[in-house]
There are 2 protein chains.
Amino acid sequence: MASRTIENYLKQIYLSRPADETQWLTMGKLSMAVGVTPGTATSMVRAISDAHLVEYEPRAGVRLTPAGEQLALHVLRRHRLIELLLVKVLGLDWSEVHAEAEELEHVVSDRLLARIDEILHHPAFDPHGDPIPTAGGVVRRQDCCTVLDCPLDSPTRIARILDQSAEFLQYVNVCGLLPGAEISVASRNHQAQTVEVMVIKSGEKQALTLSFAVAEKFFVQTT
Amino acid sequence: MASRTIENYLKQIYLSRPADETQWLTMGKLSMAVGVTPGTATSMVRAISDAHLVEYEPRAGVRLTPAGEQLALHVLRRHRLIELLLVKVLGLDWSEVHAEAEELEHVVSDRLLARIDEILHHPAFDPHGDPIPTAGGVVRRQDCCTVLDCPLDSPTRIARILDQSAEFLQYVNVCGLLPGAEISVASRNHQAQTVEVMVIKSGEKQALTLSFAVAEKFFVQTT
DNA sequence: AAAACAATTTTGGGCAAGCAAAGTTAATTG
DNA sequence: CAATTAACTTTGCTTGCCCAAAATTGTTTT
């Protein structure tokens, strides 16, 4: 059994892994993600490497082995199913469930997780639109673009939001930019680095301006 | 914040405390309850005593301070509310929820606990009939007797079962001796140390024989 | 009262994780 | 190319929690 600490390292290695599969995740980024000093990350990764859950190349970085990836996906499955349960069944606000799930993900049993999955009818996405890996460890891909690179003036639906901080999600809430919301991108200003978005908020169309940095966090699907 | 370990010690000190309030809980019993060696219990209790959560008298034993008792009751409240949630909302079998709650009790936030309490409509008892302390740390007492000392031949209702082991509870399940079940005690045999109990099981009255030791685990309330 | 016993405490040591700070490498810049 | 810098690793130390075994204490028993 992997300790809570190891589960966290594996999860962060998975989430922070570079887009290019051949690349290694640097220790600096990992230590930031886990929230420990670089030295701690190095020695911990050495230990996890001894358990064959990651490959570790000194001065290059770290990368999950297939076994490590399966474990990471299992943790992620727990995390995301719990988030959805907290929102749908327990009625918590989606801005607060991330922190809660960070703790719960390490203690729910397989049996309880199976019940949660059943009650939610085997959902594919969590409240933020993040995909829930299957029990077999498969991630169902949803290929879609962000508010930064989707076509202009076409109706789309928000599918996923890449930010878990409670404050940001509360802002998203009041703007009506939740997953499922119908929006269209009216214009982009490359000089000001802003995007103008039209949202239907309580029946009325509203205009909203977002920076490129924030626009990039919203994934949309053309409807 | 008390660590998970300290929470467990406090909970066990509360649950194992001797009936007589003036008595101390011996270190031997505590170490058994927590599942550590006596030496470990001694040093841990020393530490908890430094935090003024217990009084510790070498060679006599240990006893909760008011602050320690409040913390213990808070853990117990979490444990029992979680058990009830797992049975009522998540549909787990009541024989398996104890083990699950042992883990969860240390990680649910106050906010989540409040939601659980609300969803269950502020319940007073968990699936085993154990009282759920209030948020203010008050235990509502239900004064009732056991199958060992209740009057003969009068209809009663099972109110509480003092055993959390999954195997025992599964046996209780098949006998129909669950909390809420209507039973009456037909006779007691002090020589054989057995009690004969009548249960209404799937519409039919059935006789059941229990040992004194087991009978003592069932609390009943006259209806 | 002395001896034996049971319960408890002390001692010494281990493992998992963490930090701070000193020491290495590798990359960047002058 | 040498010097500086940034990233990384190593080293030494701390804390929390645990165990095994030796030492102590209080209580029985002889």
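Is B:H52 buried or exposed? B:H52 turns out to be exposed, at a relative accessible area of 61%, where buried means under 20% relative accessible area, exposed over 50% and partly exposed in between, computed with a 1.4 Å probe on protein chains only. I will come back to that residue after the DNA.

First, a word on what we are looking at. This is a predicted model, in which local features need pLDDT of at least 70 and side-chain atom pairs count only at pLDDT 80 or more, while totals for chains, interfaces and linings use all residues. Residues are numbered from 1 along each chain as its sequence is written, chains are lettered from A and ligands numbered from 1 in the order in which they are written, and side-chain values use heavy atoms, with hydrogens and water left out.

Let me begin with DNA strand C, which is surrounded by 18 residues, the closest being A:S3, B:G28, B:T42, B:R46 and B:Y56; a residue is near a strand if one of its heavy atoms lies within 4 Å of it. Of the atoms of DNA strand C that come within 4 Å of the protein, sugar and phosphate account for 75%. As for polar contacts, meaning pairs of N or O atoms within 3.5 Å, a polar side-chain atom of A:T40 lies 3.0 Å from a phosphate oxygen of this strand, and a polar backbone atom of B:G28 is 2.8 Å from a phosphate oxygen of DNA strand C. The elements that give two or more residues to this surface are α1 (4-16) and α3 (38-50) of chain A, together with α2 (27-34) and α3 (38-50) of chain B; helices here are DSSP runs of H or I with at least four residues, strands are runs of E with at least two, and both are numbered from the N terminus. The most is given by α3(B), with four residues.

Turning to DNA strand D, there are again 18 residues around the strand, and A:G28, A:T42, A:R46, A:Y56 and B:S3 come nearest. A polar side-chain atom of A:R46 lies 2.4 Å from a phosphate oxygen of DNA strand D, and for B:Y9 the corresponding side-chain distance is 3.4 Å. On this surface α3(A) gives the most, with four residues.

Now I would like to stay with α3(B), which has 13 residues and reaches 19 Å from its first C-alpha to its last, close to the 18 Å expected at 1.5 Å a residue, that expectation being 1.5 Å times one less than the number of residues. Which of its residues are buried? They are B:A41, B:V45, B:I48 and B:S49, and they sit on the same side of α3(B) because they cover an arc of only 100° around the axis, taken from the directions from the helix axis to the C-beta atoms. These buried residues pack against α1, α2, β1 (54-57) and β2 (61-64) of chain B, with contact meaning heavy atoms within 4.5 Å.

That brings me back to B:H52, which follows α3(B) and is placed in the loop between α3 and β1 of chain B. Its phi is near 60°, a positive value in a residue other than glycine. Most residues other than glycine have a negative phi. B:Q193 also has a positive phi near 60°; this residue lies in the loop between β5 (182-189) and β6 (194-201) of chain B, and at 44% relative accessibility B:Q193 counts as partly exposed.

Terms used
A polar contact is a pair of N or O atoms within 3.5 Å; within protein, one must be able to donate a hydrogen and the other to accept it, and residues adjacent in sequence count only if both atoms are side-chain atoms.
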